[in-house]
Amino acid sequence: MSAPAPGMYSPAAAATAARLGLKLGRPNLEAFADALLALARADRKVFAVTSDSRGSGKLGPFGQALPAQIVEVGIAEQNLVGIAAGLAAAGKTVFAVSPACFLTARALEQIKNDVAYSDQPVVLVGISAGVSYGALGSTHHSLHDFAALRAIPNLAVLAPADNWETAAAVRAAATARRPMYLRFGKAPVYDLPAAAPFAIGPARLVRPGTDVAFLATGETVVPALLAAAELEARDGLQCRVLSFPTIKPLDTAAVTQAAQDCRAVITVEEHLVNGGLGEACAAVLAQAGLARRFRIVGLPDEETVTGSQADIFRHYGLTMEGLAQTARALLDRPAAGPP
Amino acid sequence: MPTDRELALKSLHYRRRLLQAIKHAGAGHTGGSLSCVDILNVLYNRILRISPATAADPGRDRYLQSKGHSVEALYTVLADRGFFPDAELDTLCRYRSRLVGHPTRHVPGIEQNTGALGHGLAVGVGLALAAQRDQADFRVFVLLGDGELAEGSNWEAAMAAAHYRLDHLTAIVDRNTLQITGRTRDVLDSEPLGAKFAAFGWAVREVDGHDLAALTAALSAPLAAGRPGAVLARTVKGRGVSFMEDNPRWHHAVPDDAEFARALQELDTAIAALEGTPP
């Protein structure tokens, strides 16, 4: 078991996790690399393509074990995606692995044309997504990727929450034979309690409730779950937590059901508040005529504060404490005092 | 295998047919289609191991038209080769037609959607890498424009092709020296193009891109063992219609009725001359 990333969870959040019986897992990045290697060992058609990202993608063991199934293209993300499309066109099951920040901005036209429009079944894997690179700055952040890729037809967008969802997403992506984007971070995450089975599309119910619904994706599902537990313990609120490992196509039924059942809806994502899960859910609710107290929690449309991923999460309220406070404010409840 | 004379006649008929399709659609990339149609003629009638019957065969040769805007030439040749009915050419760019103004996989025989420039060569590298890893013997051909080579992604792909020694990959440059704004050398000079490809590790051959025999010789086999091949085809934009030749206005101009009649007359005269009957 890895140690917690320094400061990713406050002592109170870690205590809540312990009370819920959550175990700290590994980085989703490692769960991805292991799942991909297992798939590739069993199927020679499974290929990894990297852009000098073998180390950062934890694909060193893959390269050593299966050199005929890995292609290195150097620091050239456009080429990464174009070559991946060509390999897929020749029948390979291709995972193109590169930091999400470069993959989804530098190679956006290749993603749009060579993969999605051409319907080549490439799995685009955005590693170290969101603000995983923390203090390295905005060149290395991918806070635009959901928005940019949601606007491209014929491309599924996935952000698994924990190690289990990540491995399941990798296996599902390999058999789906459709253009797909999969993104995750590199900090250790708590394993979610066993929940619904995984499929591309459906949201997964992590915790039932009817007061506030947290609709979260990727590594922000865990802090949403911790916030729900905190709100039950301190405020007596029953909060629903849904993990959206798939952002596109969106499980619109889960979104409308949450709004029908709950008094307030809060979306949570490691992404700009523009164009991500939150705005997707807002559009669903507005078009369904469901007016609820509603907040999008993500990073605001501003230059991101300098700091580690943990610092940035704390600054923008993507933590147990921040999300619980957002819920209280949304329900016009007083802020919590000391426990 | 068609004879040189049969192939030359095909080139004239292809020019006639693609002009008809463009005139009918009221849209198209006239000049570039006329500059590359001889290359396509040689590829599809002499080089490529593909046919409608083998269009899904994993071992088929692959052709990618990175300069996707010259799609009218490609559609015309594919129709002639039986990939879809000739009459469908008159649906070019029409509402709900599968003949979009740039190549798509909705059209039988087309391998990849192209049209944004600088994309085809990397996809070709991926296909060629797959062939290499599988020890398959299919060849991959990518048609590029000379103006297109300003897109830096081409040179990423060129580096990778040489790094992986993809000798069954052939890039053909339709080097008509014009682009939409004017002379390529004035817009952004790509010369010395042969030296550039050579410096990137490619085998290079320069040919007359309207000489069907020379094209056949250059494309019949990989240029060199262990190196990708670049065939730099000197062409004339608008080739075959006197008033369209070497004039950037015809990049995507559509002939008016009088121009269209005159163009067909010129081509019919050439066809008649080649057939040995007076016009």
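This is a short walk through a predicted model with chains A and B, from the build of chain A to some backbone details.

I'll start with chain A as a whole. Its secondary structure comes to 13 helices and 14 strands. The radius of gyration of chain A is 19 Å, and the globule rule gives 20 Å for 339 residues, so chain A is as compact as a globular protein of that length. Along the principal axes, its C-alpha atoms fill a box of roughly 60 × 45 × 40 Å.

Now the domains. The domain assignment splits chain A into domain 1, which is 11-22 + 195-330, and domain 2, which is 26-189. Their C-alpha centres are 25 Å apart. At the contact between them, domain 1 of chain A puts in 30 residues and domain 2 of chain A puts in 28. Which elements give two or more residues to the domain 1 side of chain A? They are helices α9 (221-235), α11 (277-287) and α12 (309-315), along with strands β12 (246-248) and β13 (264-272), of chain A. By class, that side has 13 nonpolar, 13 polar and 4 charged residues.

Next, where the two chains meet. Chain A contributes 23 residues to the contact and chain B contributes 21. On the chain A side, α4 (77-89) and α6 (108-117) each supply at least two residues. Of the elements of chain A, α4(A) gives the most to that side, with 9 residues. The chain A side divides into 11 nonpolar, 8 polar and 4 charged residues.

Over to chain B, and its sheet. Five strands, in the order β1-β2-β3-β7-β6 of chain B, make an open sheet with parallel pairing. Why do β1 (62-65) and β6 (203-208) of chain B each have one side without a neighbour in the sheet? Both stand at the edges with a single partner strand, so one side of each is left free of a neighbour there. On average, neighbouring strands of this sheet are turned by 20° against each other, direction ignored. For β6(B), we can look at the pairing itself: 6 bridges join β6(B) to β7 of chain B, residues 229-234, and the two run parallel. Within that pairing, B:Arg205 stands opposite B:Val231 of β7(B).

Staying in chain B, there is a helix pair to show. Helix α2, residues 30-47, packs against helix α3, residues 71-80, at an angle of about 35°, and their axes are 8 Å apart. The crossing of α2(B) past α3(B) is right-handed. From α2(B), the contact residues are B:Ser33, B:Cys36, B:Val37, B:Leu40, B:Asn41 and B:Tyr44, and from α3(B) they are B:Glu72, B:Ala73, B:Leu74 and B:Val77. That comes to 7 nonpolar, 2 polar and 1 charged residues.

Last, the backbone. Most peptide bonds are trans, and most residues other than glycine have a negative phi. Here are some exceptions. In chain A, the bond from A:Lys248 to A:Pro249 is cis, with omega near 0°. A:Pro249 sits in the loop between β12 and α10 (252-261) of chain A. In chain B, the bond joining B:Glu191 and B:Pro192 is also cis, with omega about -5°. B:Pro192 is found in the loop between α6 (184-188) and α7 (193-199) of chain B. As for phi, A:Asp332 is not a glycine, yet its phi is positive, at about 60°. A:Asp332 lies in the segment that follows α13 (320-330) of chain A.

Methods: Residues numbered from 1 in each chain as written. Chains lettered and ligands numbered in written order. Predicted model: local features only at pLDDT ≥ 70, side-chain atom pairs only at ≥ 80, totals over all residues. Pairing = 2+ DSSP bridges. Helix = DSSP H or I, 4+ residues; strand = E, 2+ residues; numbered from the N terminus. Axes fitted to C-alpha atoms, helices over the stretch in contact; angles between N-to-C directions. Left-handed = near helix turned anticlockwise from the far one by under 90°. Contact = placed C-beta atoms within 7 Å. Nonpolar A, V, L, I, M, F, W, Y, C, P; charged D, E, K, R; others polar. Domains from an automatic or database assignment. Rg over C-alpha atoms; globule rule 2.2 N^0.38 Å.
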